[in-house]
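Let's take a walk through a protein together, one stop at a time. Keep the picture beside you and look up each residue as we go.

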Amino acid sequence: MDGSLEFPVATPPAPGETVAIAPGVHWLRMRLPFALNHINLWLLEDGPGWTIVDCGYALDETREAWERIFIERLGSKPVRRVIVTHFHPDHMGLAAWLTKRWNAPLWTTEKEWLHARVHSRDDDSAASRREFALRAGLDEESSTIFSERQGNYRRGCPAVPPVFQRIGEGSAIEIGGREWRVIIGEGHAPEHACLFCAETGVLIAGDQILPRISPNISVQPYEPEGDPLARYLASLKKLRVALPPDILVLPSHNLPFYGVHERIDELAAHHAARCDDVITACARPASAADLLPVLFRRQLDRHQMGFALGEALAHLHYLESQRAIRRQAGGDGVHRFAV
Ligand SMILES: [Zn+2]
């Protein structure tokens with residue numbers, strides 16, 4: 001799927017190491033305790049200090065890798081600022097620790113900060129998550145697992161800074177004498193900040209555009225009627241217009257790449273193909289759970305099934321809003337969709 005993309009560096013940095021990847025930008029990588037086993041983070045030269053972009057998941061080994069970087073890679077300069085692209089725990093996770101460690105401010109968008117604050121304190125939503133899964137057609141046991149899996153934000157993000165500085169669409173951030181513009185993406189997260197430096201032709205893309213996997217676009221249990229795929233596709237269009245074709249993209253997962261327009265087109269085509277599959281499958285009424293074997297051709301374990309459920313619903317809700325399919329609420333409480 002990435003035949004049209006070009007990857008200038010084949011080997012990522014080991015944990016605790018950094019690689020200069022663009023003017024003033026250093027690439028580092030931390031481990032994640034999932035099938036997606038790593039995240040890319042960025043350290044930007046910022047005059048008398050450094051700006052960190054994204055923080056890593058709250059693991060002891062990640063705090064240790066950061067400490068090694070602080071000793072070996074900062075040239076005795078302090079971290080002045082922590083920017084977080086979006087609230088997911090692999091990005092926001094260690095923000096409270098980093099900002100305290102350096103007495104540095106957190107810069108992020110308002111919605112991402114609010115989501116992080118809410119999710120890190122959430123303790124009364126297990127029942128609504130379970131109801132969400134049952135309505136989508138999962139069985140009792142899978143619904144319980146879904147509810148528990150979705151409820152562990154605090155494991156990766158135990159605390160969120162109580163104060164933040166707001167960035168948003170069009171914000172200009174001066175970092176090390178260069179201007180980085182914020183471009184907001186939606187669909188993967190509510191107000192995801194991408195950072196674009198026109199002078200050097202570099203985009204810090206977060207999870208909005210990834211080279212080898214398609215970003216997770218899921219209906220969330222806390223907004224069960226959401227249509228995140230419509231938001232995501234609109235954001236892809238906006239990014240394609242805003243970004244020149246020849247820039248270097250620094251994604252949060254996999255490798256930095258050239259070919260941003262090609263990748264945006266591939267991601268849009270991927271969702272269009274999934275939508276076609278869903279329409280075909282909805283020749284007979286189908287729940288989100290019924291669609292999992294159609295959308296995910298590999299065998300899913302119960303944990304992956306929970307993850308995939310939100311994605312199936314995202315395609316169903318998008319097609320419903322496009323009037324390509326219609327919803328039927330069954331007597332069993334399960335929502336099914338048909339053409
Ligand atoms: Zn994310």
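**Starting at the metal**

The zinc ion is held by four protein donors: His-86 (NE2), His-88 (ND1), His-188 (NE2) and Asp-207 (OD), at 2.1 to 2.2 Å from the ion. Do keep in mind, as you look, that this is a predicted model. How are the donor residues spaced in sequence? Their pattern reads H-x1-H-x99-H-x18-D. The pair His-86 and Asp-207 links distant parts of the chain, 121 residues apart: His-86 sits in the loop between E5 and H2, while Asp-207 belongs to the loop between strand E11 (202-206) and helix H8 (228-242).

What about the geometry? For comparison, four tetrahedral donors would ideally make angles of 109.5 degrees at a metal. Here the angles among the four donor atoms run from 91 to 172°, and the site of the zinc ion is irregular. Tetrahedral would require all angles to lie between 85 and 135 degrees. Are these donors buried or exposed? His-86 has 0% relative accessibility, so His-86 counts as buried; Asp-207, at 4%, counts as buried too.

Our next stop is a helix. In H3 (residues 95-102), the buried residues are Ala-95, Ala-96, Leu-98 and Thr-99. Because they cover an arc of only 165° around the axis, they lie on the same side of H3. Which elements cover them? Among them are strand E4 (49-53), helix H1 (60-72), strand E5 (79-83), helix H2 (89-92) and strand E6 (106-108). Just after H3, you will find Asn-103 with a positive phi of about 50°.

Helix H3 also takes part in an aromatic pair. Trp-97 in helix H3 meets Phe-70 in helix H1, 27 residues apart in the chain. Their ring centres are 6.4 Å apart and their planes lie at 20°, so this pair is stacked. Phe-70 is buried, with a relative accessible area of 8%, whereas Trp-97 is partly exposed at 22%. Together with Trp-66 and Trp-102, Phe-70 and Trp-97 form one aromatic cluster.

The count of aromatic pairs comes to nine. Another of them, Phe-34 with Tyr-57, is edge-to-face, because the planes are at 85° with ring centres 5.2 Å apart. Phe-34 lies in the loop between strand E2 (25-31) and E3, and Tyr-57 in the loop between E4 and H1, 23 residues apart. Phe-34 is partly exposed at 38% relative accessibility, but Tyr-57 is buried at 3%.

Finally, let's turn to charged side chains. The model has 20 salt bridges. One of them joins Arg-81 and Asp-46, whose closest N and O atoms are 2.9 Å apart. Arg-81 is in strand E5 and Asp-46 in strand E3 (residues 38-46), 35 residues apart, and both residues are buried.

Another salt bridge joins Glu-225 and Arg-135 (2.9 Å, N to O). Glu-225 is in the loop between E11 and H8 and Arg-135 is in helix H5 (residues 126-135), so the pair ties together parts that are 90 residues apart in sequence. Glu-225 is partly exposed at 46% relative accessibility, as is Arg-135 at 26%. Arg-327 and Glu-320 also form a salt bridge, again 2.9 Å from N to O. Through shared salt-bridge partners, Arg-135, Glu-225, Glu-320 and Arg-327 are joined into one network.

Notes
Residues numbered from 1 in each chain as written. Predicted model: local features only at pLDDT ≥ 70, side-chain atom pairs only at ≥ 80, totals over all residues. Heavy atoms only, no water. Buried < 20%, exposed > 50% of the residue type's maximum accessible area, 1.4 Å probe, protein only. Helix = DSSP H or I, 4+ residues; strand = E, 2+ residues; numbered from the N terminus. Arc of directions from axis to C-beta. Contact = heavy atoms within 4.5 Å. Donors = N, O, S within 2.8 Å, 3.2 Å for Na, K, Ca; no water. Tetrahedral: all angles 85-135°; square planar, octahedral: opposite > 155°, others 65-115°. Salt bridge = Lys/Arg side-chain N within 4 Å of Asp/Glu carboxyl O. Phe/Tyr/Trp six-rings, centres within 6.5 Å; stacked < 30°, edge-to-face > 60°.
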